[in-house]
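User: I would like a close look at one part of this model, followed by a description of the other packing features. Please keep the account plain.

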Amino acid sequence: MVSRRFGDFDSAEDAVQEALLAAARHWPVDGLPDEPRAWLVTTASRRLVDLWRSDAARRDREARVIAWEVPAHDPVDHDDSLTLLLLCCHPSLTPASAIALTLRAVGGLTTAEIARAFLVPEATMAQRISRAKATIPASGAGFRMPSADDRDARLRSALHVLYLLFNEGYASSHGASLQRTALSGEAIRLTRMLVAAVPDHPEALGLLALMLLLEARGPARSDASGRLVPLPEQDRSSWDRGLVTEGTELLGRAMAHEAVGEYQLQAAIAAVHDRAATAADTDWDEILSLYELLEDVTGNPVVTLNRAVAVAMAKGPRAALDVVDGVESRLGTTHRWLAVRGQLLEMAGETDAAADLLERAAATATNEAEQRHLAGRAAQLRAASS
């Protein structure tokens, strides 16, 4: 709203962040205001006034800012989230810059969190975001929905941003909690808005289907103490069957377009898991076939790592170890690679070697719930072999 009212995306984003910091300081002491959103808009607007007053070149805009009055009640009939998302995916930006800016401005991730997702130093990411924020106004882009042709050009970046935002919420890269449901919920909300705007886009449908099929498992992914519960051990009766049904229907709509993409394939894999009544009922041959297609489409080494798990379940751990070792040069220092290879060694009966890798994976993981799970599994293997 602040960007739309004042037409200054760069300064408005900074002002809103400062308003959120002010809310974090004042609300726990003073209590929640009657109209939280109006409070934030007012605080951000006042910050913009202060910024513009200090800049002599912008004094002609000060009168317009001061004269504007924040509504007494939140305007519930207008949501600028989709406009902001597509603005951040402006074609003047590189894909990497568009994704980083959107995760910051729309998703609310910190610069440090985004840097971890991109595997770059925080200072590098801060510079990238700053340049992106400056590039948009320099391009002459206004805060409005793009034309149909322009919108289509931005969709790929927008889908990738929403995918990353959901992933950070579904499997948090840091902190004590396995999930950040506010982030995954926001990603789903924005993707629903995008699907409403482009209802026949197969990959938008596929992405929303993927999110819902994964989100359905949320209640079973950790226990009351916050302990991570692996997929084979989850209580499937607690999965949200309404989300499973909706996700499956969306996947069917997407596949009907006969233009299969990576999000549809990932959703199809999730659907195979979700329709299995028990872990033993999982059709691993079908999952393996889908991962092979996904690997062809993406060339992503993380997909190869996931395919290795399917190979282990369908053909045995020895065959899967060859697959994992094929991406060691690209992923061998990551906790995910260490954990998967450790799991495969455990399946192959090499418990000491498995424990070594799981301990290294625990030391490398940045999420505390995952650290505890990996360290606990390694300790169990040590105890069993002693």
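In which helix does Asp-325 lie?

Analyst: Asp-325 lies in helix H16. The model is a predicted one, and every value below is computed from it.

The residue comes first. Asp-325 has a relative accessible area of 31%, so Asp-325 is partly exposed, falling between the 20% limit for buried and the 50% limit for exposed. When residues up to four places away in sequence are not counted, Asp-325 touches Trp-337 and Arg-341. A further spatial relation is with Leu-305: the two residues are 20 positions apart in sequence, and their C-alpha atoms are 9.3 Å apart in space.

Both residues touched by Asp-325 reappear in the packing of two helices. Helix H16 covers residues 317-325 and helix H18 covers residues 335-347; their axes are 9 Å apart and the helices pack at an angle of about 160°. That angle is over 145 degrees, so H16 is roughly antiparallel to H18. The crossing in which H16 passes H18 is left-handed. On the H16 side, the residues that meet H18 are Pro-317, Ala-320, Leu-321, Val-324 and Asp-325. On the H18 side, they are Trp-337, Val-340, Arg-341, Leu-344, Leu-345 and Met-347. The contacts of Asp-325 with Trp-337 and Arg-341 thus belong to the set of residues through which the two helices meet.

Aromatic rings are the next topic. A pair of aromatic rings is described by the distance of the centres and the angle of the planes. Searching the whole structure gives 2 aromatic pairs. One of them joins Tyr-163 and Tyr-263, with ring centres 5.4 Å apart and planes at 50°, so this pair is tilted. Tyr-163 belongs to helix H9 (residues 148-170) and Tyr-263 to helix H13 (residues 262-275), so the pair ties together parts that are 100 residues apart in sequence. Tyr-163 and Tyr-263 are both buried.

Another pair is formed by Phe-166 and Tyr-170, whose ring centres are 5.6 Å apart; their planes are at 15°, so the pair is stacked. This pair stays inside helix H9, where Phe-166 and Tyr-170 are 4 residues apart, about one turn of the helix. Phe-166 has a relative accessibility of 2% and counts as buried. Tyr-170 is buried as well, at a relative accessible area of 12%.

Tyr-170 also takes part in a contact with a charge: the charged end of Arg-221 sits over the ring of Tyr-170, at 3.7 Å from its centre. Elsewhere, Arg-217 lies over the face of Trp-239, and the distance to the ring centre is 5.7 Å.

One more residue can be placed in the same way. Ser-97 is found in helix H6, which spans residues 95-105. The relative accessible area of Ser-97 is 14%, so Ser-97 is buried. With neighbours within four places in sequence left aside, Ser-97 is in contact with Arg-128 and Ala-132.

Finally, the chain as a whole. The protein chain has 20 helices and 0 strands. Of its 386 residues, 46% are buried. Among contacts in the chain with a separation of 6 or more, 61% are between residues 24 or more positions apart. The Tyr-163 and Tyr-263 pair, linking parts that are 100 residues apart in sequence, is an example of a link between distant positions.

Definitions and conventions
Residues numbered from 1 in each chain as written. Predicted model: local features only at pLDDT ≥ 70, side-chain atom pairs only at ≥ 80, totals over all residues. Heavy atoms only, no water. Phe/Tyr/Trp six-rings, centres within 6.5 Å; stacked < 30°, edge-to-face > 60°. Buried < 20%, exposed > 50% of the residue type's maximum accessible area, 1.4 Å probe, protein only. Lys NZ or Arg CZ within 6 Å of the ring centre and 35° of its normal. Axes fitted to C-alpha atoms, helices over the stretch in contact; angles between N-to-C directions. Parallel < 35°, antiparallel > 145°, perpendicular 65-115°, else oblique. Left-handed = near helix turned anticlockwise from the far one by under 90°. Contact = heavy atoms within 4.5 Å.
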